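Me: I am new to this structure and should like to understand how its descriptive terms are justified. May I put some questions about it?

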Amino acid sequence: MTIQTTSPSPTGDSGLTVRARTSVLADLADRISGAVHGPDDAGYDAARSGFNLLSDHRPAVIAVPSNRFDVAEAVRFAASEGLRVAIQATGHGPGPSADGALLINTSEMADVSIDPIARTATVGAGAKWAPVLEQAQSHGLAPLLGSTTDVGVVGYTLGGGFGWLGRKYGLASDAVRSFDLVTPDGNPLRVSATSHPDIFWALKGGGAGSIGVVTDVVIDLFPVTTVYAGNLFYPAEDAPEIMRRFSEWAPDQSEDLTSAVTLMNFPPLDIVPEPFRGKSFTMIRGCWAGDLDIGRNLIDEWRNWKSPDVDMWGEMPFTAADAISMDPTDPVPAMVTTEWMDELTGEAIDILASRVLPSPGAMPLILFAEIRHAGGAVSRGAAASPNDRGRDGTFLLEVASIVPDPQLALAVESALRLTREALAPFVTGAAYLNFLEGDEKSERSASAFSEANRRRLAAIKAALDPENRFCHGVSLV
């Protein structure tokens with residue numbers, strides 16, 4: 001067997017050289033301390049697999065670096081062999097297929113350290129939010145994590161990162177102090193507001209995988225310990241009424257509150273608690289990070305307006321933040337798409353309710369549609385960020401599906417696409433980068449950037465990666 005090395009073009013066409021696979025693997029293995037896997041190796045499938053089981057790429061070779069020096073050597077190796085480079089940590093937000101490329105799997109680089117005096121965390125490329133949150137909370141601090149602590153810190157942050165503290169403190173990318181980056185020529189750099197500021201700007205929301213490998217990030221932490229958060233579960237048939245009320249109520253609330261209305265079709269699986277299993281609900285969810293009594297009174301407005309079927313809002317330690325979104329913890333085959341809306345109109349509400357919630361006796365193709373209220377610090381940070389259009393709307397829509405059977409994939413993809421098409425008159429046309437996956441990440445990522453920012457990003461990309469070797473992340477060209 002041989003490795004067919006490929007040109008660093010977005011299509012991956014035209015072979016340049018052919019060498020014995022065993023020789024190529026041996027060369028790379030000699031250069032790094034971490035593991036190296038080829039397609040015939042026992043560890044290959046595990047190293048290429050991520051959280052989203054629908055992503056089934058087949059890299060020519062996989063490097064699992066132990067440290068930033070391994071990353072630099074792997075990148076230099078790819079350049080010498082004419083290999084494209086793709087990056088994977090947890091695999092929650094896969095990009096276009098990395099077939100034929102060198103895949104750098106950073107999952108072993110998971111060190112986390114907290115500086116409680118500076119209120120910062122230094123986080124390795126493969127670390128997830130769970131250890132960052134746990135260690136930070138021991139000092140009364142919290143990071144700007146997302147809807148689940150199982151997501152990788154670096155990839156999430158590079159894409160912006162809109163979590164349950166977002167309206168108060170901004171996106172995760174706003175909290176970055178510095179990145180350690182290996183550029184496409186294998187050059188290690190530390191970038192910050194004062195060192196390589198253009199690259200720093202591009203990484204703070206410009207998306208992952210396009211201008212190098214981030215090996216470490218230093219982020220700010222915030223004084224959050226106890227919050228008032230959770231979910232109110234209302235009947236699915238009340239969705240239009242509840243969504244209309246939410247669209248009027250949410251924009252009037254303090255930035256201490258980040259909230260959402262969610263149409264949820266719980267699957268009939270044993271992992272789902274019995275009261276929710278196989279049922280559909282309209283949910284009001286969110287997190288209040290201010291005075292707890294004020295937060296309680298705020299959610300009492302909903303309770304007094306209409307008594308929920310299930311009430312799971314209450315005081316909670318921020319270490320329990322996963323309970324807000326209740327995301328799955330085991331790998332799943334999933335599809336996701338996104339849109340921004342400046343206004344949640346009655347027409348858009350009716351489209352979502354009719355397309356997401358199933359007819360009696362029908363199997364839903366969409367797992368959930370969540371509309372998160374933005375504004376606040378999310379919008380204020382837009383002007384200084386590369387992804388200015390991708391964070392400047394009022395309401396962020398995420399629509400997601402689980403694909404339990406590959407034969408359903410086309411039907412699920414069609415349901416998501418048709419929902420987006422029906423909503424087209426009511427959206428801004430911008431995308432939130434962290435809710436784009438696969439080919440859609442390449443096709444729609446440019447919509448997160450204004451034209452001026454897109455040109456600036458393209459220039460930074462061209463200077464760092466003139467051969468477009470890093471072509472498996474967010475498209476910047």
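**Salt bridges and burial**

Reply: The model is a predicted one, and 31 salt bridges are counted in it.

Me: Why is the pairing of Asp174 and Arg391 called a salt bridge?

Reply: The term requires a side-chain nitrogen of Lys or Arg within 4 Å of a carboxyl oxygen of Asp or Glu. The side chains of Asp174 and Arg391 meet at 2.7 Å, N to O, so the pair satisfies that rule. Asp174 lies in the loop between helix H6 and strand S9, and Arg391 in the loop between helix H12 and strand S19, 217 residues apart.

Me: What makes Arg391 buried, and Asp174 partly exposed?

Reply: Buried means under 20% relative accessible area, and partly exposed lies between that and over 50%. Arg391 has 0%, so it is buried. Asp174 has 28%, and therefore counts as partly exposed.

Me: How do you know that Arg177 and Asp220 form a salt bridge?

Reply: Their side chains meet at 2.5 Å, N to O, and the limit is 4 Å, so the term applies. The pair joins strand S9, which holds Arg177, to strand S11, which holds Asp220. Arg177 is partly exposed because its relative accessibility is 42%.

Me: Why is Thr215 called buried?

Reply: Its relative accessible area is 2%, so Thr215 falls under the 20% limit. Thr215 lies in strand S11, and its contacts beyond four places in sequence include Arg68 and Asp180.

Me: Which residues are linked with Arg68 and Asp180 in a network of salt bridges?

Reply: Arg190 and Asp216 belong to that network together with Arg68 and Asp180.

How values were computed. Residues numbered from 1 in each chain as written. Predicted model: local features only at pLDDT ≥ 70, side-chain atom pairs only at ≥ 80, totals over all residues. Heavy atoms only, no water. Helix = DSSP H or I, 4+ residues; strand = E, 2+ residues; numbered from the N terminus. Buried < 20%, exposed > 50% of the residue type's maximum accessible area, 1.4 Å probe, protein only. Contact = heavy atoms within 4.5 Å.
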